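Hi there,

Here is the structure I promised to pass on. My notes on what turned up in it follow underneath.

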Amino acid sequence: MSRPLDSHWNAAKCVLRYLSGTCNYGILYTDIYDVTLAGYSYFDWAGNLDDRRSITGYAFSIGSGVIS
């Protein structure tokens with residue numbers, strides 16, 4: 001950014017303020033559960049009747065925390 005504006009600086013401060021308030025959040029990985037990789041996916045091929053678009057989604061977890 002060759003010419004940042006005050007609005008850019010204000011947006012950056014807002015992001016930093018948010019990050020400083022979420023320092024203690026995170027994914028807790030414990031050895032209480034079996035440490036296995038599990039993957040789940042969902043798809044709906046052209047299921048929307050209005051525009052015939054497809055919907056997809058996925059989630060992967062290791063033990064007690066979702067990683068993706």
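Ser 61 has Val 66 in S3 as its bridge partner. That contact belongs to the antiparallel pairing of S2 with strand S3 (residues 65-66), which runs over 2 bridges. Strands here are DSSP runs of E with at least two residues, numbered from the N terminus, and two of them pair if DSSP finds at least two bridges between them. The hairpin of S2 and S3 has 2 residues between the strands, and Gly 63 takes a positive phi near 65 degrees there.

A quick note on provenance: this is a predicted model, where local features need pLDDT of at least 70 and side-chain atom pairs count only at pLDDT 80 or more, while totals for chains, interfaces and linings use all residues. Residues are numbered from 1 along each chain as its sequence is written, and side-chain values use heavy atoms, with hydrogens and water left out.

On the other side, strand S1 (residues 37-44) runs antiparallel to strand S2 (residues 55-62), joined by 8 bridges. Leu 37 is partnered with Ile 62, and Gly 39 stands opposite Phe 60. Together the 3 strands form an open antiparallel sheet in the order S1-S2-S3. S1 and S3 are its edge strands, each pairing on one side only.

You may like the rings too. There is 1 aromatic pair (ring centres of Phe, Tyr or the six-membered ring of Trp within 6.5 Å; planes under 30 degrees apart are stacked, over 60 edge-to-face, the rest tilted). Tyr 58 and Phe 60 make up this tilted pair, at 5.9 Å centre to centre and 50 degrees between the planes.

Best wishes

Note on methods
Helix = DSSP H or I, 4+ residues; strand = E, 2+ residues; numbered from the N terminus.
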